[in-house]
Amino acid sequence: MKVLVLGGTHFVGRAIVETALARGHDVTTLNRGRDHAITPKSVTRLIADRTDRDALHAAVTDGTWDVVLDTWSGAPRVVQDSARLLADRVDIYGYVSSISVYRWPIPSGSDEDTAVVDGDPDNDNQDDYAAAKRSGELAVDSTFGKRSLVARAGLILGPYENIGRLPWWLRRIQRGGAVVAPGEPGQHVQYIDVRDLAEWMLAAAERRVGGTFNVAGPADRTTMDEILRTAIDVTGSNARLVWAAADVIEQAGLSPWIELPLWLPPDPEYDGMRTVDSSAASRAGLTCRPVSETVRDTWNWLVNEGGPRLRPDRPVPGLDRADEERLLLRLAEQERPTPS
């Protein structure tokens, strides 16, 4: 196919470019041209700021493609402009959305018919992530209809992650010593490897599959313990996991997900974020690699490229060293036997 990737230099976009090339497709990227060094030479590069309608029009006006893949998470008006400009130049519009579009709290086992937040494709506001992603879906669907492919991704991990969640854990594990491990070892973490997401979207586009799909790994595939112990193995660290119960973490005033990446407390409010029903995507060909491969390849990327430049619009993940030391001290004191 002829594939147009809007973006293509960071995280999901980069994985899509590499996967499309590996599948033998002719790839064009459209972005502002700030990261030329990591774009393969075999890729055709269009340079434009897509937030500028005139610049976007000038860049795509002479091209036609089989599929466009869009990872935009900013102002939905930008997605609407792109969809309208490409309506007669592209067969399929693939949009990477998020399970965040479901109304909070996300019900356990949510499928694609679960109630979603309101959206407005004409909106220039990007402050509300859930509304922005839902608005992007509406922008694509209103223009492409059955020719749209919307992937509501769960937690995305893997190489090139510029949110910094798994990279933070790998760096912290590498440092060694006692490491605060949140919650219970057997608590499940539901995620999708970025390359599996890319493979699925491209394979679906090849078969001209349309519609909206939850794209996440099996809810019971891996645990916090498996992720962290795999991190110890791949980094060769002497780290020792010290498990802290959810109530201890709460008493310490630490925030799940941000200060303790990947982890959410065992509360019904959060169950939907780790139990999304992705059976429709599985029936449409989604396959997921083992967690060991995701963690190992993310570590190799960190070693080879020095780590990500984090997105400025997302909070920096990870636990402050001083806060971790205080919590480790508290946990050690709790374990000390009481004098008789």
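Okay, let's start in the middle: the largest nonpolar core has 74 residues, and the members that touch the most others are L197, W200, F213 and V215. The biggest contribution to that core comes from helix α6, residues 194-206, which puts in eight residues. Before I go on, keep in mind that this is a predicted model.

So what does F213 touch, once you skip residues up to four places away in sequence? Quite a mixed list: E112, L149, V150, A151, R152, W200, A280, A281 and A284. Note that W200, another of the best-connected core members, is in that list. There's also another core, lying apart from the big one, with 20 residues, including A48, V68, Y93 and A139. The general background here is familiar: in soluble globular proteins, nonpolar side chains tend to be buried together.

Now a charged residue. D81 is in helix α3, residues 76-86. Is D81 buried or exposed? Its relative accessibility is 7%, so D81 counts as buried. Leaving out neighbours within four places in sequence, D81 has R53 and L56 as its contacts. With R53 there's a side-chain to side-chain polar contact at 2.9 Å.

On to salt bridges. The count comes to 25. Let me pick out a few.

R23 and E206 pair through their side chains, 2.7 Å from N to O. Why is that pair worth a look? R23 sits in the loop between α1 (11-22) and β2 (26-31), while E206 belongs to helix α6, so the bridge ties together parts 183 residues apart in sequence. Both ends are partly exposed: R23 at 33% relative accessibility, E206 at 30%.

Next, R208 with D66, a salt bridge at 3.7 Å, N to O. This pair also links distant parts of the chain, 142 residues apart: R208 is in the loop between α6 and β10 (211-215), and D66 is in strand β4, residues 65-70. R208 is partly exposed, at 42% relative accessible area.

Then there's D313 with R311, where the closest N and O atoms are 2.6 Å apart. D313 is partly exposed at 44% relative accessibility, and R311 is partly exposed too, at 21%.

Last one: which residues are joined into one network by salt bridges that share partners? Those are D193, R195, D196, R289, E293, R296 and D297. Of these, R195 and D196 fall within the residue range of helix α6, 194-206, the helix that gives the most to the big core.

That's what I have; happy to pull any of these up on screen.

Definitions and conventions: Residues are numbered from 1 along each chain as its sequence is written. This is a predicted model: local features need pLDDT of at least 70, side-chain atom pairs count only at pLDDT 80 or more; totals for chains, interfaces and linings use all residues. Side-chain values use heavy atoms; hydrogens and water are left out. A nonpolar core is a set of buried Ala, Val, Leu, Ile, Met, Phe, Trp, Tyr and Cys residues joined through side-chain atoms within 4.5 Å. Buried means under 20% relative accessible area, exposed over 50%, partly exposed in between (1.4 Å probe, protein chains only). Helices (H or I, at least four residues) and strands (E, at least two) are DSSP runs, numbered from the N terminus. Contact means heavy atoms within 4.5 Å. A polar contact is a pair of N or O atoms within 3.5 Å; within protein, one must be able to donate a hydrogen and the other to accept it, and residues adjacent in sequence count only if both atoms are side-chain atoms. A salt bridge is a side-chain nitrogen of Lys or Arg within 4 Å of a carboxyl oxygen of Asp or Glu.
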